[in-house]
Amino acid sequence: MKTFCGRANPTTGAVDWVEESEEYDYHQEIARSCYADMLHDRDRNEKYNQGIRAAVSRVKARGERVVVLDIGTGTGLLSMMAVSAGADFCYAVEVFKPMARAAASIIKKNGFSDKIKVINKHSTEVTVGPDGDMQERANILVTELFDTELIGEGALPSYEHAHLHLVQVGCEAVPHRATIYAQLVESELLWSWTQIRPVQVDGRKLLPPAAVGQCAGAPSVCDIQLSQVPPSAFTPIGPLCSMFSVDFSRQVSSAPCSYTCRFTVQAGGRAQVVLSWWDLDMDPSGSIVCSMAPRWTYSDPTEYPWRDHWMQSVYFLPAERTVCEGEELSLSVFHDDYSLWYNLSEGYQTDVDKSFCQQSCTCQSHLVWTRPRFGELNDWQRTESYLSALRNVLRNDSVCLAISDGSLLPLYAHLLGAKKVFSLENSGMSKRVIEQFLEANSLKNGVQLLALRAEQLTSTDLEGEQISVLMGEPYFSTSLLPWHSLFFWYCRTALASLLRPGATILPSSATLYLLGVEFQDLWRIRAPCGTCEGFDVTPMDEMVQQSLDFRESREAEPHHLWEYPCRALTKPHPVMTFDFQQCVPEQPINSQGSLPLVGRGRCHGFALWMEYKLTDDITISMGLTKPINEEGECVWSPHRKQGVYFLQTPWESSGDGRTAMAYNITFDPSIGDIKMNFSVTQP
């Protein structure tokens, strides 16, 4: 049996449905899972262990037989904790079949098979009774059903069903309660991820359409490592508010609901963004707390427990509001069974009926552009680089063609005096967004948007003109890894016959860079665990490695490295340059070499990114944005994901430069992808 998987195709700029073996989807799910991250989360594991032991003790103190229901058991870790704490029996529910098998293997390896039953079902399908999956209702409910937004994985419906059908009234619950916190802030940085700022182009102000400014934005939460957003990047408008709590030991409702926190404005400004996270109380007294608060809330930052499976949330208000110090405001949070959203109102009044519907995009730009893309379009330094490059290459007779998804470059080219400007927009929605910008700035006749692919374009479409400036950022919505934007090169090749002799290609080339790094924490998501809280979880390590060996370990994966601090152990190294002045070659491009390890530390792998040469003296980096300092600190572009290749076995570097990391990288033009291998070379 085969399965179809979506995969970015850099040669076409589309997502292709590729036929894979039936094992592929399973292996990809395991290889890219967060199980390793959770097993390495010592704070989480310790708090769960303490909470479970306390719950078992309370039930035993009542003279009751201890029966535990563990929903979403994963590796079976929490069930083993319960039995080790003295539980008489545990039902471990896991809907993902490979994980259910792994849990059974781990439980058997640790000698708990006689007291833990793994049930491979969704919890809502579990039955209770003499012939059921469970012989009796449980009196301790243990779960780990949470995501960054707390309820996004369906925790509320699962708890609701469990209390109705699977556990006793008055049962113990671990965690016992969750509390969601929120703080209203002003932040130019974060607000730039949802609204477009005006751009000055040689005395002309390019304005966003009114519909964009009036739009409530995308409905989905923005989950990030908020610890990497410095406090200097925002100003608190009000105090940290406890918005609401959920008691998991009692009947839980998944029905839509709202809560309001009233406060006095601490500092006047523009109320724009809500920062949010949650805590878990593992016991009724709240003495065992697992907190998702960001690092900068800790008096001692070294005590901050890093984790990637739970982060923090950023919510954008439907509209920014100017507020004054001392003003009374009401911050309201609403939820359905899977998501949260916020609204702000004056005084002690909340218009719940009108605000209850979740915000949604009405201008289409929030559907076309991701939040990092909004930030990229608002990056004035980046914009100025493109404007400077265009000023250098444009002439009064320039005929320009832009190739990028939802780009403002063609508008810049028109305002800078190009004779004619065309832009390829294959997406109907993206085309409508740019049309709004043209109309808002009275430029409808200045740029012609063509709903065509590069290979479909003819001289007639260009009104008989030849292209003198072919330009792109390049940006394509289907790109995942840095080299996926080489689709620009394939378009340039398809357009070769429509180019004037000596036509300017902007950017003229792209260079792939490589850097050996030591990650502060990100290494945990791919590192084997071995033992966790005293339990042998090597079957899980083996299963993950088997899935990585299936394909993933030979591939890079995309990450926003600004969220994941790392230290450079080598110098940044250009490994391959793609010359856009020429057509895509038919033969593969290969690059081999080595990077001396000049920094002391543990090399976990490599960061990869593209740098685009716009003109002889203007280059745009999609990776490092500042020189690496003496400590090896890396500052990454927040707008694009970089590629990360994890070594199967990290290498300890003395930093003397005698040991090097050898690389062998091949670009295959037939598929537009890059294959890579790395090894250690010693003197």
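Trainee: Why is Arg 262 called partly exposed?

Mentor: In this predicted model, Arg 262 has a relative accessibility of 45%. Buried means under 20% and exposed means over 50%, so a value of 45% puts Arg 262 in between, as partly exposed.

Trainee: Where is Arg 262?

Mentor: Arg 262 sits in strand S14, residues 257-264. Its C-alpha atom is 4.4 Å from that of Ser 330, although 68 residues separate the two along the chain.

Trainee: What makes Gly 238 count as buried?

Mentor: The relative accessible area of Gly 238 is 0%. The cut-off for buried is under 20%, so Gly 238 is buried. You will find Gly 238 in the loop between strand S12 (235-236) and S13.

Trainee: Which residues does Gly 238 touch, leaving out those up to four places away in sequence?

Mentor: Gly 238 touches Gln 183, Leu 184, Phe 263 and Gln 266. Pro 208 makes a nice comparison: it is 30 residues from Gly 238 along the chain, and their C-alpha atoms are separated by 30 Å.

Trainee: How do you know whether His 484 is buried or exposed?

Mentor: Look at the relative accessible area of His 484, which is 9%. Buried means under 20%, so His 484 is buried. His 484 lies in the loop between strand S23 (467-471) and helix H15 (487-494). Setting aside residues up to four places away in sequence, it touches Ala 8, Pro 10 and Ser 479.

Trainee: Why is the pair of Phe 146 and Trp 310 called tilted?

Mentor: The structure holds 28 aromatic pairs. In this one, the ring centres are 6.5 Å apart and the planes meet at 55 degrees. Stacked needs under 30 degrees and edge-to-face needs over 60, so an angle of 55 degrees makes the pair tilted.

Trainee: Which parts of the chain does that pair link?

Mentor: The pair links distant parts, 164 residues apart. Phe 146 is in the loop between S6 and H6, while Trp 310 is in the loop between strand S16 (289-291) and strand S17 (312-323).

Trainee: Are Phe 146 and Trp 310 buried or exposed?

Mentor: Phe 146 has 2% relative accessibility, and Trp 310 has a relative accessible area of 1%. With the cut-off for buried at under 20%, Phe 146 is buried, and so is Trp 310.

Trainee: What makes the pair of Tyr 513 and Trp 609 stacked?

Mentor: The angle between their planes is 15 degrees, with 5.6 Å from centre to centre. Planes under 30 degrees apart count as stacked, so this pair earns the name. Tyr 513 belongs to strand S25 (residues 509-519) and Trp 609 to strand S32 (residues 601-615), 96 residues apart. Both Tyr 513 and Trp 609 are buried.

Trainee: Which residues do ring pairs link into a cluster?

Mentor: The cluster holds Phe 146, Tyr 159, Phe 248, Trp 278 and Trp 310. Tyr 159 is also one of the buried residues of helix H6 (residues 155-165). The buried residues of H6 pack against several strands, including S3 (67-71), S7 (167-174) and S18 (328-335).

Trainee: Why is Asp 202 called exposed?

Mentor: Its relative accessible area is 52%. Exposed means over 50%, so Asp 202 is exposed. Asp 202 lies in the loop between strand S9 (199-201) and strand S10 (204-206). Its phi is near 50 degrees, a positive value in a residue other than glycine.

Trainee: What makes Ser 442 exposed?

Mentor: The relative accessible area of Ser 442 is 67%. The cut-off for exposed is over 50%, so Ser 442 is exposed. Ser 442 is in the loop between helix H14 (428-440) and strand S22 (448-450), and its phi is near 55 degrees, which is positive.

Trainee: What is omega for the cis peptide bond between Val 174 and Pro 175?

Mentor: Omega is about 0 degrees. Pro 175 is in the loop between S7 and strand S8 (177-186). The peptide bond from Leu 506 to Pro 507 is cis as well, with omega near 5 degrees.

Trainee: How many helices and strands does the protein chain have, and why is it called as compact as a globular protein of its length?

Mentor: The protein chain has 16 helices and 36 strands. Its radius of gyration is 28 Å, and the globule rule gives 26 Å for 683 residues; the two are close, so the chain is as compact as a globular protein of that length.

Technical notes: Residues numbered from 1 in each chain as written. Predicted model: local features only at pLDDT ≥ 70, side-chain atom pairs only at ≥ 80, totals over all residues. Heavy atoms only, no water. Helix = DSSP H or I, 4+ residues; strand = E, 2+ residues; numbered from the N terminus. Rg over C-alpha atoms; globule rule 2.2 N^0.38 Å. Buried < 20%, exposed > 50% of the residue type's maximum accessible area, 1.4 Å probe, protein only. Contact = heavy atoms within 4.5 Å. Phe/Tyr/Trp six-rings, centres within 6.5 Å; stacked < 30°, edge-to-face > 60°.
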